[in-house]
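These are my notebook entries on a single structure, set down in the order in which I looked things up. I began with backbone angles and went on to a helix, the cores and the pockets.

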Amino acid sequence: MKALSGQALSVRLAVIVPGGWLSVRICVLGSGSKGNSTLVATERTRLLVDAGFSKKETLRRLAAAGESTDKFDALIISHDHMDHVSGLRSLALGLKVPIYITGPTREVIQWDPRLKAFETISAGEKFTIGDLEIAPFSIPHDAVDPIAFT
């Protein structure tokens with residue numbers, strides 16, 4: 001585990017899965033009132049959880065952490081607060097990836113009509129992106145439909 005210039009925290013894990021090992025990288029690009037975003041990546045799958053920074057700032061933070069700034073598979077949104085979604089439009093348009101989001105959260109965000117790739121997710125219903133299985137669960141928070149993930 002290493003912190004990079006106070007900007008990012010990177011962790012690399014080896015996880016036992018059926019048939020062998022899966023290497024997972026988790027890089028917290030930022031966590032706080034000015035923005036939240038985390039990269040979760042394997043050799044095959046790259047996800048951004050939350051989009052609290054502009055595309056430019058997100059890519060800058062990824063590069064500073066030594067991570068590739070291209071080839072993402074999805075954006076996953078935990079809730080509608082601006083520190084989690086302020087960069088969503090620019091990131092989704094620039095990365096051209098689907099947005100995984102709960103229905104109620106999607107309803108309260110003003111969307112750019114060019115964004116059309118959405119996948120509706122719900123607490124308690126697992127979903128898979130590439131080689132990652134994600135299990136969203138409800139959390140107490142002052143947002144419309146906040147979720148966290150395992």
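Entry 1, backbone angles. I looked up lysine 96 and found it in the loop between α3 and β7, in what is a predicted model. Its phi is positive, at about 55°, although lysine 96 is not a glycine, and the residue comes just after α3. Is lysine 96 buried or exposed? At 70% relative accessibility I have to count lysine 96 as exposed, since the cut-off for that class is over 50%.

I then turned to aspartate 50, which also is not a glycine and has a positive phi, here of about 75°. Aspartate 50 sits in the loop between β5 and α1. With a relative accessible area of 6%, aspartate 50 is buried, whereas lysine 96 is exposed.

Entry 2, helix α3. I went back to the helix that precedes lysine 96 and noted that α3 spans residues 88–95, with Leu88, Leu91, Ala92 and Leu95 buried. Why do these buried residues line one face of the helix? Looking down the axis of α3, I see that its buried residues fall within an arc of 95°, so they line one face of the helix. This agrees with the general rule that an α-helix has 3.6 residues a turn, so residues three or four places apart point the same way. I also looked up what covers the buried residues of α3, and the list includes the strands β5 (46–49), β6 (74–76) and β7 (99–102) as well as the helices α1 (55–64) and α2 (82–85).

Entry 3, nonpolar cores. The largest nonpolar core has 22 residues, and those with the most contacts inside it are Leu39, Leu48, Phe72, Leu75, Ile77, Leu88 and Ile99. I find that β3, β4, α3 and β7 each supply at least two residues of this core, and that α3 gives the most, with four residues. A second, separate core has 14 residues, including Leu47, Val49, Tyr100 and Leu132.

I followed leucine 48 further and, leaving aside residues up to four places away in sequence, found that it touches Leu29, Ser37, Thr38, Leu39, Thr58, Phe72, Ala74, Leu75, Ile76, Leu91 and Leu95. Of these partners, Leu91 and Leu95 are among the buried residues of α3.

Entry 4, pockets. How much space lies in the largest pocket? I read off about 360 Å³, and I count 16 lining residues, of which Val40, Leu132, Glu133, Ile134 and Thr150 lie nearest the centre of the pocket. The strands β2 (8–17), β3 (20–30), β5 and β10 (132–134) each supply at least two residues of that lining. By class, the lining of the largest pocket has 13 nonpolar, one polar and two charged residues.

For the second largest pocket I noted about 230 Å³ of space and a lining of 15 residues, with Thr38, Val49, Asp50, Ser78 and His84 nearest its centre. Here I meet aspartate 50 again, the buried residue of my first entry. The strands β3, β4 (37–41) and β12 (147–149) each supply at least two lining residues, and β12 gives the most, with three. By class, I find six nonpolar, eight polar and one charged residues in the lining of the second largest pocket.

Methods:
Residues numbered from 1 in each chain as written. Predicted model: local features only at pLDDT ≥ 70, side-chain atom pairs only at ≥ 80, totals over all residues. Heavy atoms only, no water. Buried < 20%, exposed > 50% of the residue type's maximum accessible area, 1.4 Å probe, protein only. Arc of directions from axis to C-beta. Contact = heavy atoms within 4.5 Å. 1 Å grid on protein atoms, 1.4 Å probe; cavity = no way out; pocket = protein on both sides within 12 Å on 5 of 7 lines; lining within 4 Å. Points joined across faces, edges and corners; volume = space filled by probe spheres on them. Nonpolar A, V, L, I, M, F, W, Y, C, P; charged D, E, K, R; others polar. Core = buried A, V, L, I, M, F, W, Y, C linked by side-chain atoms within 4.5 Å.
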